[in-house]
Amino acid sequence: ALGHLLMDIQLYLADKPDVGEAALVGELRYGGGGSASNFAVAARRLGLASAIITSVGFDGFGRVLLEELMREGVDISRVKIVIGQQTGTSFLLVYPSGDVKVFEYVGASEAVEPKDLSDAAFKGFDHLHITMYRLDTAVHAARLAKKLGLSVSVDPGRIWSARGLDYLRELLAEADYLLLNESEFRALLRGDVGEAFGLGIDMVIVKRGPQGATAYLRSGEIFEAWGFKVEAVDTTGAGDAFDAAFLAALLEGRGVDYALRFANAAGALKTTRKGARSSPTREEVEKFLATRNI
Ligand code: ADP
């Protein structure tokens, strides 16, 4: 995966509606974050090999983040260490409903330049997943990956989606799968999947929170899967867990119907736990699916 590696600092607000956010009461936690890194961890938990392309500062946060990824079994040999810039940080306010407000400080995490990436970075892998990063590097990585026969997915996230289709055109022209949540779908494609197919994308997947997800195929086929009912406490990283599970299932040759169900289960399970990296193992997803036969 290519994208951010950030230190997440989360404040879980206590359930006191009449006191309000200003009181900032609750639980404070920190841990690894950044969409692409969450994705790489989620893929590992599902039993796949994964690597991260990103950068961190030469500092304490950077070291903790790399140690965490190593413990998860994510290949960190492509991570660039930047001297003189601080590791990126994300501040997250988590509401009792599980909804999250994010304030991101990118810091050292966008230091990978196109010249840092050659064919060697992609050898041995079948797929490249890209989340918001500096665009020149993202386009270069996507082109190299395609040339080497990898499939490519893009989850642009809120900020990239807000910039609009023209900004991302070059990148999306290299992508096979485009993954968005509902507001990103409106912001980037104005709700029109045809725009994406026009750029050569094969499948657009729209994540709809508790309502599950929809996959629109270039062929005109549409697959829909309802979400699972769970007690959500923290939706941070649910989209990343969903993406990893969806693509893992497809890469293993499963049908789109199954991939959506598998991904909804992974996303739903993630929301029941705190932190961006609390995505489930394959065993947990399969056990969950066996008990929810819808
Ligand atoms: P993102 O996290 O990218 O904004 P969503 O909020 O749509 O995207 O969440 C991604 C996926 O996680 C959803 O498609 C769904 O499968 C699962 N999910 C998220 N929130 C919930 C929830 N409250 N209950 C059940 N599943 C959820």
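**View 1. Shell around the ligand in the predicted model, by contributing element.** In this predicted model, helix H9 supplies four residues to the shell around the ligand, the largest share. Helix H9 spans residues 256-271 and, together with helix H8 (238-251), makes up the elements that give two or more residues to this shell.

**View 2. Residues that come nearest to the ligand.** Among the 20 residues around the ligand, those that come nearest are Asn181, Lys207, Gly239, Gly267 and Ala268. By residue class, the shell around the ligand consists of ten polar, eight nonpolar and two charged residues.

**View 3. The open sheet and its edges.** Six strands, ordered S7-S8-S9-S10-S11-S12, build an open sheet in which the pairing is mixed. Strand S7 (127-131) and strand S12 (222-225) are the edge strands, each of them pairing on one side only. On average, and with direction ignored, neighbouring strands of this sheet are turned by 15 degrees against each other.

**View 4. Pairing of strands S10 and S11.** Strand S10, residues 203-207, and strand S11, residues 213-217, run antiparallel and are joined by five bridges. Within this pairing, Val204 has Tyr216 of S11 as its bridge partner.

**View 5. Helices H1 and H3 against strands S7 and S8.** Helix H1, formed by residues 35-45, lies across S7 and strand S8 (151-155), and runs at about 145 degrees to S7. Helix H3, formed by residues 135-147, packs on the sheet and touches S7 and S8, with a direction that makes about 165 degrees with that of S7.

Conventions:
Residues numbered from 1 in each chain as written. Predicted model: local features only at pLDDT ≥ 70, side-chain atom pairs only at ≥ 80, totals over all residues. Pairing = 2+ DSSP bridges. Axes fitted to C-alpha atoms, helices over the stretch in contact; angles between N-to-C directions. Contact = placed C-beta atoms within 7 Å. Near = placed C-beta within 6 Å. Nonpolar A, V, L, I, M, F, W, Y, C, P; charged D, E, K, R; others polar.
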